[in-house]
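Biologist: Got a minute to walk me through this one? I'd like to start with a helix.

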Amino acid sequence: MPIRAERIAADLEAIAGCTLSPGAGADRPTFSAAWRAARDHVLAEAERAGCHWRVDAAGNVHVRPRGVAWSRRAWLSGSHLDSVPHGGDFDGVIGVVAALETLRAAHDEGRTDLPLELVVFAEEEGTTFGLGMLGSRGWAGTLDAAALAALHDAHGRTWWEAGADCGAAADRLAAERLDPAAYAGFLEVHIEQGPAMWAHDRHVALVTAIAGRRQYSVSLRGVANHAGSTGMDERHDALAGAAEVITALECLPDLLGDHAVATVGRISVEPNAVNVIPARAEFTIDLRAPLDRMLDAGDARIRALVTAAATRRGLDHEIRRTESLPAVRLDDALAARVRAAAAGLGLEPLPEAVSGALHDAAILAPLVPTVMLFVASRDGVSHNPAEFSRLDDVVAATRLLAAVVGTAPEPG
């Protein structure tokens, strides 16, 4: 199928213009006017390519060639259009555009029955409602209508209130849940969001696993006291205890194994005064690893570090695990199909990678055979207006996607 780079470039430019912060990166909260404009661009292009579309109850958009009935088994490909505040122009977008261009290329060849469904997932990033991958979780059934109703955006609207004008409907959610038997497999094209591929001049890679994630909220409570008249051995300094834990966490991934990472991304201190010993410190921990046993070992070590620091300094402490998502091994049979298609395109040997970032693919993988394709990110920069991937790499990933869904046997 004739993949056209100029159309992909035009899509990327058009979607980049759909932002609440022109000139300051991509800012597309789910269900916002900017998000709807980006979605509408995709739908207009799809309609020109002879496609029809629908929105499921969770707010995800589905697009197929008109010659492919909704009841027919198909391949699934896509990603998301929402962004973090002041993010980049490639994160999520290239996965949507790659599937869109595959549909257009089939239309150019007069193929009205390519068994491919483009999906645009709602709220992958998690910055609009405080939790990520909501559209895919709602569709997959891992979040029910009540759980989505409990989430609110910055305007105080629930998922259902904010998404009503975009097709989300709580009363249809259970009935419109993903039917795994309806799909032969899911392929998500995404930027790497890390430096490895760019540093080693790798353009497209096959993702064989997605790291699991555990997140924690830690609270240490000491005693506020005068900074000048309280001796160093008489203090119960909550911030010093937090600093001890945070420093130790930097060494934790080395103990767990390859591809493990740990991050403290947020911290707050009370009373936060220049001349007062901190009485309270609260911080988050984000732990990721490609194997559940590594996550289990990390969990035990985190709890031991916090307990030890609190005991040494006479602090009360609390550790609350706020999220637990398992590591995901992607589908071996579909990965083999991708490798074979890559060989046919001269992309052999196809590099392989583990995704440290979470994606909608991780939600669908337990239900539908799933793999991902990574495109290199310049210097690993992502969630930043400086985010950049080469057009040639996006085109190569799109050609690989098209080869898998366009030349593979009928999905049944």
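Biologist: What span should the 16 residues of helix α3 have, and how far apart are its end C-alpha atoms?

Modeller: Helix α3 covers residues 93-108, and at 1.5 Å a residue it should span 22 Å; its end C-alpha atoms are 22 Å apart, so the two agree. The expected span is 1.5 Å times one less than the number of residues. Helices here are DSSP runs of H or I with at least four residues, strands are runs of E with at least two, and both are numbered from the N terminus. Keep in mind that this is a predicted model, where local features need pLDDT of at least 70, side-chain atom pairs count only at pLDDT 80 or more, and totals for chains, interfaces and linings use all residues. Residues are numbered from 1 along each chain as its sequence is written, and side-chain values use heavy atoms, with hydrogens and water left out.

Biologist: Is α3 mostly covered or mostly open?

Modeller: Mostly covered: 14 of its 16 residues are buried, meaning under 20% relative accessible area with a 1.4 Å probe and protein chains only.

Biologist: And what follows α3?

Modeller: Glycine 110 does, with a positive phi near 80 degrees.

Biologist: Switching topic: how many disulfides does a search of the whole structure find?

Modeller: Zero, taking a disulfide as a pair of cysteine sulfur atoms within 2.5 Å. For cysteine 18, the nearest cysteine sulfur belongs to cysteine 166, 13 Å away. Cysteine 51 isn't in a disulfide either; its nearest cysteine sulfur, that of cysteine 18, is 19 Å off.

Biologist: Are those two buried or exposed?

Modeller: Cysteine 18 is buried at 12% relative accessible area, and cysteine 51 is buried at 1%.

Biologist: OK, pockets. What volume does the largest pocket have?

Modeller: About 1100 Å³. On a 1 Å grid over the protein atoms alone, a pocket is an open set of points with protein on both sides within 12 Å along at least five of seven lines, while a cavity is a set where a 1.4 Å probe fits but cannot get out; lining residues have an atom within 4 Å of a point. Volume is the space filled by probe spheres set on the points, which are joined across faces, edges and corners.

Biologist: Which lining residues are closest to the pocket's centre?

Modeller: Of 45 lining residues, Glu125, Arg213, Gln215, Asp286 and Arg288 are closest.

Biologist: And what lines the largest cavity?

Modeller: Asp82, Ser83, Val84, Gly87, Gly88, Asp91, Glu125 and His383. That cavity has a volume of about 40 Å³.

Conventions. Buried < 20%, exposed > 50% of the residue type's maximum accessible area, 1.4 Å probe, protein only.
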